[in-house]
Amino acid sequence: MTEQPIEPVPTSASWAMRAEQSRGRRYPEPPHPYRSGYARDRDRIIHSRAFRRLEAKTQVFTTRYSDHFRNRLTHTLEVAQIARTVAAALGLNTELAEALALVHDIGHPPFGHAGERKLDELMRAQGGCFNHNLHALRIVEQFEQRYLNFPGLNLTFEVREGIIKHSRDYSAAEFPHLSEYLLDLRPPLEAQLIDWVDEIAYNTADIDDALEAGLLDLAVLRKEVGFFGKIFAQVDSTHPGARAKLIFNEALKRVLDALATDLIETTRQRVLASAASSVEDIRRAPKRLAGFSDAAAVRNRELKRFLFAHIYNHSAIAEDRDRSVKCLEELFFYYSGRPDAMPAFYEELAQTESRHVIVCDYIAGMTDQFLLRQHHEHFGGSRSGQSATPH
């Protein structure tokens with residue numbers, strides 16, 4: 001972990017994506033007098049209904065434990081903060097990075113990745129699949145209806161591209177409907193950063209929330225995650241007599257800072273080593289250039305392993321998760337087998353597209369509690385089921 005200050009790269013870094021170089025919007029619009037195209041995208045995302053629904057989607061822990069836990073919305077805001085910081089340090093376009101961070105989870109179904117896995121399982125039985133990034137693209141292209149002159153949010157090409165490509169590459173042969181998104185090229189650095197800052201945000205936040213929930217054994221964390229243990233010991237030795245929770249807070253803050261610093265430094269070194277001097281060079285690089293060093297990647301994996309071993313699969317979480325996902329599955333079959341069971345908007349869509357696809361869209365857009373209320377309405381029983389699900 002470096003303790004040396006990082007000198008920010010000038011904001012005019014040649015590898016930054018500039019709004020004036022955008023491939024534009026699907027439906028042309030005149031430029032705004034004082035906001036860039038990416039700033040407008042950011043604002044449209046914030047004002048969308050799908051973004052507001054993130055507030056009622058569980059991140060990991062529910063309010064059964066405390067009112068202070070992250071939900072999917074507050075997690076998104078933390079990702080956006082880290083993304084802005086990292087992008088600014090690298091001289092990238094912070095407005096594009098922020099827009100991508102704010103939209104990165106907008107396609108998540110209820111109950112986090114457990115809900116996503118169940119929807120994917122149900123869709124694969126029908127010959128399809130479910131992926132929250134691809135669903136996010138459907139949301140911003142089709143389901144958000146706010147404007148007179150076009151469907152969806154009419155986001156710029158780079159934001160739409162980043163929605164699907166920020167965390168993985170897609171084969172044009174397997175996903176021909178995504179061919180417009182330059183599948184043989186890498187996305188700009190602003191998009192490449194998002195998956196990494198997302199991991200920084202949730203790995204550290206979930207440790208914090210686990211302690212709040214009373215599910216974290218701090219001694220075990222210090223032993224199994226040597227990186228954290230070393231930092232904790234440093235803070236403890238320099239702050240004798242301080243409250244244990246404040247020592248923990250400071251140690252976790254330093255962990256986050258070290259990972260973000262490594263992401264900045266490693267990405268900068270890789271870009272410079274590649275001799276890239278433009279966004280086009282970034283796109284044509286043999287592999288993505290954003291990422292951790294080998295050492296930081298090991299530390300990050302240690303955090304993830306600890307969370308899966310001791311927190312995400314904790315019996316208190318697994319019971320809620322399994323009960324909630326079962327409700328999702330039962331609703332999927334209920335709507336699939338009953339015409340006119342969904343709202344009119346979705347029933348109309350089901351006249352022109354496979355019903356199971358529209359049922360999936362409808363369920364994926366639900367908040368956790370709305371899904372449980374729908375389940376109670378159609379099946380009876382308790383509505384007290386709460387989800388607590390890993391990312």
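These are my notebook entries on two helices, one residue and a pocket in a model that is predicted.

**Helix α4**

I began with α4, which runs over residues 94-103, and I noted that 8 of its 10 residues are buried, so the helix is largely enclosed by the rest of the structure. The buried residues I listed are Leu96, Ala97, Glu98, Ala99, Leu100, Ala101, Leu102 and Val103. When I looked up what covers these buried residues, I found that the cover includes α1 (37-46), α2 (49-53), α3 (72-89), α6 (132-143), α7 (157-165) and α8 (189-212). At the start of α4, I saw that Asn93 brings a side-chain oxygen to within 3.0 Å of the backbone nitrogen of Glu95.

**Thr76, in α3**

I next looked up Thr76, which has its place in helix α3, and asked whether Thr76 is buried or exposed. Its relative accessible area is 0%, and because buried means under 20%, Thr76 counts as buried. Leaving aside residues up to four places away in sequence, I found that Thr76 touches Phe51, Leu54, Ala101, Leu102, His104 and Asp105. Two of these names, Ala101 and Leu102, I had already entered among the buried residues of α4.

**Helix α6**

I then turned to α6, where 11 of the 12 residues are buried, so this helix too is largely enclosed by the rest of the structure. The buried residues here are His132, Asn133, Leu134, His135, Ala136, Leu137, Arg138, Ile139, Val140, Glu141 and Phe143. I noted that they pack against α2, α4, α5 (112-124), α7, α15 (344-349) and α16 (355-364). The N-terminal end of α6 is capped by Asn131, which has a side-chain oxygen 2.7 Å from the backbone nitrogen of Asn133. I also looked up the span of α6: its end C-alpha atoms are only 14 Å apart, whereas a straight helix of 12 residues would span 16 Å at 1.5 Å a residue.

**The largest pocket**

My last entry concerns the largest pocket, which holds about 610 Å³ of space. Of the 26 residues that line it, I recorded Cys129, Leu134, His135, Arg138 and His177 as the closest to its centre. Which helix gives the largest share of the lining? I found that α6 does, with 6 residues, while α5, α6 and α16 each supply at least two. Sorted by class, the lining of this pocket has 11 nonpolar, 10 charged and 5 polar residues. I closed by noting that Leu134, His135 and Arg138, which I had listed as buried in α6, are among the residues closest to the centre of the largest pocket.

How values were computed:
Residues are numbered from 1 along each chain as its sequence is written. This is a predicted model: local features need pLDDT of at least 70, side-chain atom pairs count only at pLDDT 80 or more; totals for chains, interfaces and linings use all residues. Side-chain values use heavy atoms; hydrogens and water are left out. Buried means under 20% relative accessible area, exposed over 50%, partly exposed in between (1.4 Å probe, protein chains only). Helices (H or I, at least four residues) and strands (E, at least two) are DSSP runs, numbered from the N terminus. Contact means heavy atoms within 4.5 Å. A polar contact is a pair of N or O atoms within 3.5 Å; within protein, one must be able to donate a hydrogen and the other to accept it, and residues adjacent in sequence count only if both atoms are side-chain atoms. The expected span of a helix is 1.5 Å times one less than its number of residues. On a 1 Å grid over the protein atoms alone, a cavity is a set of points where a 1.4 Å probe fits but cannot get out, and a pocket is an open set with protein on both sides within 12 Å along at least five of seven lines; lining residues have an atom within 4 Å of a point. Grid points are joined across faces, edges and corners, and a volume is the space filled by probe spheres set on the points. Ala, Val, Leu, Ile, Met, Phe, Trp, Tyr, Cys and Pro count as nonpolar, Asp, Glu, Lys and Arg as charged, and the others, Gly among them, as polar.
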